[in-house]
Amino acid sequence: MKITGETSMNRTRLVLTGLAVAAAIAVSGCDPQPASEGAATTPSAAASSAAPTSTAASTAASTPASDAATVKACADIKKDIEDNATKIAKAEKIGPPAGHFAVSAQWAAGSVAILAHSMSANEAVTAASEKIQNEMMSLSDAYNKSADAKPSKKALEAAIKELDTACSAA
């Protein structure tokens, strides 16, 4: 039965990872900045966008939009971290032997949510959120390997502090 549970968990992780990759690919094709930039500029400014001075103006206009996207990403990621902590606590109450699968799956799901919200952020926030995502996947792996796992969350806490630093600079 343990083998069946591990196989099922591996399939679940594969599906969640596949969905995360599909979402990343789908969202990477979307660029919300040109739409918001186009709405902010007048038709005459859009028509003369080939001029060098206009390019500098559009770069300046995209910076606040980028910062706004980063601020929103930071808020969303922090909310994801809090939501995930609540769901992890709930899954841990299930207890071994089956509870570790629920905890492992929740860590994986939480990492996917972090990944999804970090795509529109600046480089520093994206890098910090990637570290959080990697630590969550490491915790998922640890819980998946053992029903009695009690992995350290210090690396995750350090990654969260790094995110807080990156977000405060945005």
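A residue counts as buried when its relative accessible area is under 20%, as exposed when that area is over 50%, and as partly exposed in between. The views described here all come from a predicted model.

**View 1. Ala170 is a partly exposed residue in the segment after H7**. With a relative accessible area of 34%, Ala170 falls between the two limits and is therefore called partly exposed. Not counting residues up to four places away in sequence, Ala170 touches Thr70 and Asn122. Ala170 and Cys74 are 96 residues apart in sequence, and from C-alpha to C-alpha they are 8.9 Å apart in space.

**View 2. Thr70 is a buried residue of helix H4**. The relative accessible area of Thr70 is 0%, which is under the limit of 20%, so Thr70 counts as buried. When residues up to four places away in sequence are not counted, Thr70 touches Ser120, Ala121, Asn122, Val125 and Ala170. The contact with Ala170 thus joins this view to the previous one, where Thr70 was named as one of the residues that Ala170 touches.

**View 3. A disulfide links Cys74 and Cys167**. A search of the whole structure finds 1 disulfide, and in this link the sulfur atoms of Cys74 and Cys167 are 2.0 Å apart. The pair links distant parts of the chain, since Cys74 is in helix H4 while Cys167 is in helix H7 (residues 154–169), 93 residues apart. The link is left-handed, with -95° about the S-S bond. Both cysteines lie under the 20% limit and are therefore classed as buried: Cys74 has a relative accessible area of 5%, and Cys167 has one of 11%.

**View 4. Helices H6 and H7 pack against each other**. Helix H6 (residues 123–145) and H7 meet at an angle of about 165°, and their axes are 8 Å apart. An angle over 145 degrees counts as roughly antiparallel, and H6 and H7 are therefore described in that way. The crossing in which H6 passes H7 is left-handed. On the H6 side, the residues that make the contact are Ala124, Val125, Ala128, Ser129, Lys131, Ile132, Glu135, Met136 and Leu139. On the H7 side, they are Ala155, Leu156, Ala159, Ile160, Glu162, Leu163, Ala166 and Cys167, and the last of these is also a partner in the disulfide with Cys74. Sorted by class, the contact of H6 with H7 has 13 nonpolar, 1 polar and 3 charged residues.

**View 5. Asp164 is a partly exposed residue in helix H7**. The relative accessible area of Asp164 is 34%, which lies between the limits for buried and exposed, so the residue is partly exposed. Asp164 and Val125 are 39 residues apart in sequence, whereas in space they are 8.7 Å apart, C-alpha to C-alpha. Val125 has already appeared among the H6 residues in contact with H7 and among the residues that Thr70 touches.

**View 6. Helices H5 and H6 pack against each other**. Helix H5 (residues 99–117) and H6 pack at an angle of about 165°, with 8 Å between their axes, and that angle makes H5 roughly antiparallel to H6. The two helices meet in a left-handed crossing. From H5, the contact is made by His100, Phe101, Val103, Ser104, Trp107, Ala108, Gly110, Ser111, Ile114 and Leu115. From H6, it is made by Ser129, Ile132, Gln133, Met136, Met137, Leu139, Ser140, Tyr143 and Asn144. By class, the contact of H5 with H6 has 11 nonpolar, 8 polar and no charged residues.

**View 7. Asn84 is a buried residue of helix H4**. Helix H4 covers residues 52–92, and within it Asn84 has a relative accessible area of 3%, so that Asn84 counts as buried. Leaving aside neighbours within four places in sequence, Asn84 is in contact with Gln106, Trp107, Gly110 and Met136. Among these partners, Trp107, Gly110 and Met136 are also named in the contact of H5 with H6.

**View 8. The whole chain gives the setting for the close-ups.** The secondary structure of the protein chain comes to 7 helices and 0 strands. Of its 170 residues, 29% count as buried. Among contacts in the chain with a separation of 6 or more, 73% are between residues 24 or more positions apart.

How values were computed. Residues are numbered from 1 along each chain as its sequence is written. This is a predicted model: local features need pLDDT of at least 70, side-chain atom pairs count only at pLDDT 80 or more; totals for chains, interfaces and linings use all residues. Side-chain values use heavy atoms; hydrogens and water are left out. Helices (H or I, at least four residues) and strands (E, at least two) are DSSP runs, numbered from the N terminus. Buried means under 20% relative accessible area, exposed over 50%, partly exposed in between (1.4 Å probe, protein chains only). Contact means heavy atoms within 4.5 Å. A disulfide is a pair of cysteine sulfur atoms within 2.5 Å. Axes are lines fitted to C-alpha atoms, for helices over the stretch in contact, and angles run from 0 to 180 degrees between N-to-C directions. Angles under 35 degrees count as roughly parallel, over 145 as roughly antiparallel, 65 to 115 as roughly perpendicular and the rest as oblique. A crossing is left-handed if the near helix is turned anticlockwise from the far one by less than a right angle, and right-handed if clockwise. Ala, Val, Leu, Ile, Met, Phe, Trp, Tyr, Cys and Pro count as nonpolar, Asp, Glu, Lys and Arg as charged, and the others, Gly among them, as polar.
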